[in-house]
Amino acid sequence: MQVDTVVLDVDGVLVDVADSYRRAIVESVERVHGETIPKAGVQAFKDAGGFNNDWALSDAAALFVLAKREGLAMSLEAFTAEIGKHGGGLDAAEAVVAAALDAKSRERAYGDWDPNHLREVFQALYLGSERYREIEGGEPPVEASGFIADEPVIVTPETVERLTSEYAVCVLTGRPEAEAEIALERVGLDIPEERRFTMDDWEEGKPHPRALVALAERCDAEAVAFAGDTLDDVETAVNAREADPARTYYGVGVLTGGLTGEEGRRKYEDAGAHVVVDSVNDLPDLLDG
C-alpha cells in the first residue's frame, strides 16, 4: 500500500482490551443487574455494528438481560443478529426489544434499566477508584483497582518508530480523550491534538467517515491506511472512499482484538478490508511511503 498517512485505532490495535474494556462490560452489567452476558458475547454486539462506544454496548447488554427476564425468546446470537438487521447500535437494540415484548413486559424491563448507574459502575471498574476520582469526579460507586492497569501493550517501540518516522500518524478511537491519553502514553505514541479524534470530538462515531476524512484533510493526505480491530473500523474506511473519492483509503483489519483466526479474517474481507494482518506490528512491512 502506497500511503502517506496512517490512522490507528487504540483498543485491540495498540493495547489489548480483552481484560479491561470487555471485562468492564460484562462485570458492570452483572454488578448492576445480577446477571450478564458471556465475554464472548461482546463480539456479537461488535459484529452487529454501531457499538464503537462500550458504554452503549453495556447498555444494550443490560437491556438484553432485562428483556430475557421478561420473556424475550431470543438467544444472544439471535438478538444481536436482529440488531444488525435494524442498522446496529443501541437504538436498534431498543427497537428489537420493543418489537419482541408486550407493553407491560417492556415497561418492567425499562423500569429496571439504568444506563447512568451502569456507566458509573463501568467507569469505576475500568479506571479504578483513584483515576475515577481524578477523571470522573466524585466518589466511585464501587472500589476497584482498575482494569486499565492490566492492558497489555501490543504495538512495539520498533513499530512506533517506523510509522512515526515515515508517515503522518493519527489516532481515531472511541475512547474518551482522557483514557486515550493514558493508552498513548503507555505505548509511547506522541500524537498532536489536531491528529486525534476521540469520543469527545464527534457525535457520529464509527463507521461514519467524517473523522477519518477530517484527519486526511488535516494531513493533506493523498492515501490513508486505517488499522482497526472491528468491522466498524473497516467500514469507516469503505465509507470514507465514497465520501472522499479524491483520496485513497485502505481499511486494515487486525486480528488482535475480538476478531481472530480465519473466521475473523473472513469477516474483515467480507466487510471490505484491503488487507488483514495478525498484528499492527505487521503493518510497516506492507506500506510504501
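# A quick tour of the packing

A search of the whole structure turns up 7 aromatic pairs. Keep in mind that this is a predicted model. Below we look at some of those rings, then at the nonpolar cores, and finally at one helix.

**Aromatic rings**

- Let's start with Tyr 21 and Tyr 126: their ring centres sit 4.1 Å apart and their planes are at 10 degrees, so this pair counts as stacked.
- Tyr 21 belongs to helix H1 (residues 21-33) and Tyr 126 to helix H7 (residues 115-127), so the pair ties together parts that are 105 residues apart in sequence.
- Both partners are tucked away: Tyr 21 is buried, with a relative accessible area of 4%, and Tyr 126 is buried too, at 0%.
- Phe 45 and Phe 51 meet another way, with ring centres 5.6 Å apart and planes at 90 degrees, so this pair is edge-to-face.
- Phe 45 is buried, with a relative accessible area of 0%, and Phe 51 is buried, with 1%.
- Phe 45 and Phe 51 also join Phe 64 and Phe 79 in one aromatic cluster.
- There's a charge over a ring as well: Arg 119 lies over the face of Trp 55, at 3.9 Å from the ring centre.

**Nonpolar cores**

- The largest nonpolar core has 77 residues, and the members that touch the most others are Leu 8, Phe 45 and Phe 79.
- Helix H3 (residues 54-69) gives this core its largest share, 11 residues.
- Two domains chip in, with at least three residues each: domain 1 (5-16 + 151-288) and domain 2 (18-147).
- Leaving out residues up to four places away in sequence, Leu 8 touches a whole list of residues, including Leu 14, Leu 163, Val 171, Phe 226, Val 280 and Leu 283.
- Apart from this core lies another one, of 19 residues, among them Val 7, Ala 168, Leu 172 and Tyr 249.

**Helix H13**

- Helix H13 spans residues 261-271, and its residues Gly 264, Tyr 268 and Ala 271 are buried.
- Looking down the axis of H13, you'd find its buried residues within an arc of 65 degrees, so they line one face of the helix.
- Over on the other side of H13, Glu 262 and Asp 270 are exposed.
- What do the buried residues of H13 pack against? Their partners are strand S4 (223-228), helix H12 (231-243), strand S5 (248-254) and strand S6 (275-277).
- Right after H13 comes Gly 272, with a positive phi near 105 degrees.

Definitions and conventions
Residues numbered from 1 in each chain as written. Predicted model: local features only at pLDDT ≥ 70, side-chain atom pairs only at ≥ 80, totals over all residues. Heavy atoms only, no water. Core = buried A, V, L, I, M, F, W, Y, C linked by side-chain atoms within 4.5 Å. Buried < 20%, exposed > 50% of the residue type's maximum accessible area, 1.4 Å probe, protein only. Helix = DSSP H or I, 4+ residues; strand = E, 2+ residues; numbered from the N terminus. Domains from an automatic or database assignment. Contact = heavy atoms within 4.5 Å. Arc of directions from axis to C-beta. Phe/Tyr/Trp six-rings, centres within 6.5 Å; stacked < 30°, edge-to-face > 60°. Lys NZ or Arg CZ within 6 Å of the ring centre and 35° of its normal.
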